[in-house]
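Let's work through how a few labels are earned, one question at a time. Have a look at the model first, then read on.

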Amino acid sequence: MVGGMELIIIGVVIVLLFGGAQLPKLARSLGGFFSEFNAAKEEAE
């Protein structure tokens, strides 16, 4: 299980890699990926 400190470190690394301006676009694409993944998972079941 990932703890709070690990999430903070991961968040800082993501901001450093992608920059603040790219984060909304990255979050939007991740949200689309997860919704498509869940839809495919439910369809397979």
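Two rings of Phe, Tyr or Trp count as a pair if their centres lie within 6.5 Å. Keep in mind that this model is predicted.

Q: What makes Phe33, Phe34 and Phe37 a cluster?
A: Ring pairs link these three residues, Phe33, Phe34 and Phe37, together. The structure holds 2 aromatic pairs.

Q: Why are phenylalanine 33 and phenylalanine 37 called a stacked pair?
A: Their ring centres are 6.2 Å apart and their planes form an angle of 25°. A pair needs centres within 6.5 Å, and stacked needs planes under 30 degrees apart, so both conditions are met.

Q: Where along the chain do phenylalanine 33 and phenylalanine 37 sit?
A: Both belong to helix α2, which covers residues 23-44. They are 4 residues apart, about one turn of the helix.

Q: Why does phenylalanine 33 count as partly exposed?
A: Its relative accessibility is 48%. Buried means under 20% and exposed means over 50%, so phenylalanine 33 falls in between. Phenylalanine 37 has a relative accessible area of 44%, so the label partly exposed fits here too.

Q: How do you know whether glutamate 45 is buried or exposed?
A: Glutamate 45 has a relative accessible area of 75%. The cut-off for exposed is over 50%, so glutamate 45 is exposed. This residue lies in the segment after α2. Its C-alpha atom is separated by 36 Å from that of valine 13, 32 residues away along the chain.

Q: How do you know that the length of α1 agrees with what a helix should span?
A: At 1.5 Å a residue, the 15 residues of α1 should span 21 Å. The end C-alpha atoms of α1 are 21 Å apart, so the two values agree. After α1 comes glycine 19, with a positive phi near 80°.

Q: Which residues make up the nonpolar patch on the surface?
A: Among them are Val2, Met5, Ile10 and Phe18, and the patch has about 1200 Å² of accessible area together. Valine 2 is found in the segment before α1, which covers 4-18.

Q: What does the protein look like as a whole?
A: Its secondary structure comes to 2 helices and 0 strands. The C-alpha atoms fill a box of roughly 35 × 30 × 10 Å along the principal axes. Buried residues make up 0% of the 45 residues. About 4000 Å² is exposed, and carbon and sulfur atoms supply 70% of that area.

Notes
Residues are numbered from 1 along each chain as its sequence is written. This is a predicted model: local features need pLDDT of at least 70, side-chain atom pairs count only at pLDDT 80 or more; totals for chains, interfaces and linings use all residues. Side-chain values use heavy atoms; hydrogens and water are left out. Patches are made of residues with over 30% relative accessible area and no salt bridge: like charges are joined within 9 Å, nonpolar side chains (Val, Leu, Ile, Met, Phe, Trp, Tyr) within 5 Å. Accessible areas come from the Shrake-Rupley method with a 1.4 Å probe; for residues, only the protein chains shown count as cover. A salt bridge is a side-chain nitrogen of Lys or Arg within 4 Å of a carboxyl oxygen of Asp or Glu. Rings of Phe, Tyr and Trp (its six-membered ring) pair if their centres lie within 6.5 Å; planes under 30 degrees apart count as stacked, over 60 as edge-to-face and the rest as tilted. Buried means under 20% relative accessible area, exposed over 50%, partly exposed in between (1.4 Å probe, protein chains only). The expected span of a helix is 1.5 Å times one less than its number of residues.
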